[in-house]
Amino acid sequence: AAVRSFQRSHQRRFFGGGGPPPEYTGFEATVRTYLPENHHIVLATLGAYFGLYMIVKATSGKKPVADDEDLDLKPQTQVAGDIPSVFSDKFDKWSQTPGNPAKWEKSIESWEKAMEDPKYADTYSKSIA
């Protein structure tokens, strides 16, 4: 008995082959002259959105930060000029006047109370920096 060997052949299957390229008309035909593939249109759309985002960010500016007057964080302990600065030449003479050391101690107590508020403390630290 003779053994016959068969050679297997592969069958190619095309399943229609994709058909002819689509024909575009009107606006889409104009767009397709510059952006022929679908991925080109996707990239152009993303680029347009990104460009619009950048224009809005560039023209909108920053949000206004609340001023210190709006937050009412200024110390309300004394009238300006009532107690001179410790570093001033006038402080030594001012502190020798009776009653002034008590005013100064009272102003320190009210300042410490104001410093308990984190917003005031932050404003104060920025003002001396």
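Accessible areas here come from the Shrake-Rupley method with a 1.4 Å probe. With that in hand, let's explore this predicted model through a few exercises.

**Exercise 1. Describe the protein as a whole: its surface, its burial and its secondary structure.**

*Solution.* Start from the outside. The accessible surface of the protein comes to about 12,300 Å², and carbon and sulfur atoms own 58% of that area. Next, look inward: of the 129 residues, 8% are buried. Now go through the secondary structure, where you will find 6 helices and 0 strands. Along the sequence this reads α-α-α-α-α-α. Finally, consider contacts between residues at least 6 apart in sequence: 31% of them join residues at least 24 apart.

**Exercise 2. Work out how helix H5 is placed, beginning with its span.**

*Solution.* Helix H5 covers residues 100–115, which is 16 residues. From first C-alpha to last, H5 reaches 22 Å, close to the 22 Å expected at 1.5 Å a residue.

Which residues of H5 are buried? They are Asn-100, Ser-107 and Ala-114. These residues cover an arc of only 35° around the axis, which puts them on the same side of H5.

What do the buried residues of H5 pack against? Their partners are helix H4 (90–96) and helix H6 (118–128). Now turn to the face pointing away from the buried side: there H5 carries the exposed residues Lys-106, Glu-109 and Lys-113.

**Exercise 3. Find the salt bridges and say how exposed each partner is.**

*Solution.* A useful idea first: side chains of opposite charge can pair when their charged atoms come close. The cut-off to apply is a side-chain nitrogen of Lys or Arg within 4 Å of a carboxyl oxygen of Asp or Glu. By this rule there are 2 salt bridges.

Take helix H1 (residues 27–34), which holds both Arg-32 and Glu-28. The closest N and O atoms of this pair are 3.6 Å apart. Arg-32 counts as buried because its relative accessibility is 12%, and buried means under 20%. Glu-28 is partly exposed, at 38%.

Then move to helix H6, home to Asp-122 and Lys-126. Here the closest N and O atoms lie 3.4 Å apart. Asp-122 is partly exposed, with a relative accessible area of 37%, while Lys-126 is exposed at 59%.

How far apart in sequence are Asp-122 and Lys-126? They are 4 residues apart, about one turn of the helix. Arg-32 and Glu-28 are also 4 residues apart. An α-helix has 3.6 residues a turn, so residues three or four places apart point the same way.

Definitions and conventions
Residues numbered from 1 in each chain as written. Predicted model: local features only at pLDDT ≥ 70, side-chain atom pairs only at ≥ 80, totals over all residues. Heavy atoms only, no water. Helix = DSSP H or I, 4+ residues; strand = E, 2+ residues; numbered from the N terminus. Expected span 1.5 Å × (residues − 1). Buried < 20%, exposed > 50% of the residue type's maximum accessible area, 1.4 Å probe, protein only. Arc of directions from axis to C-beta. Contact = heavy atoms within 4.5 Å.
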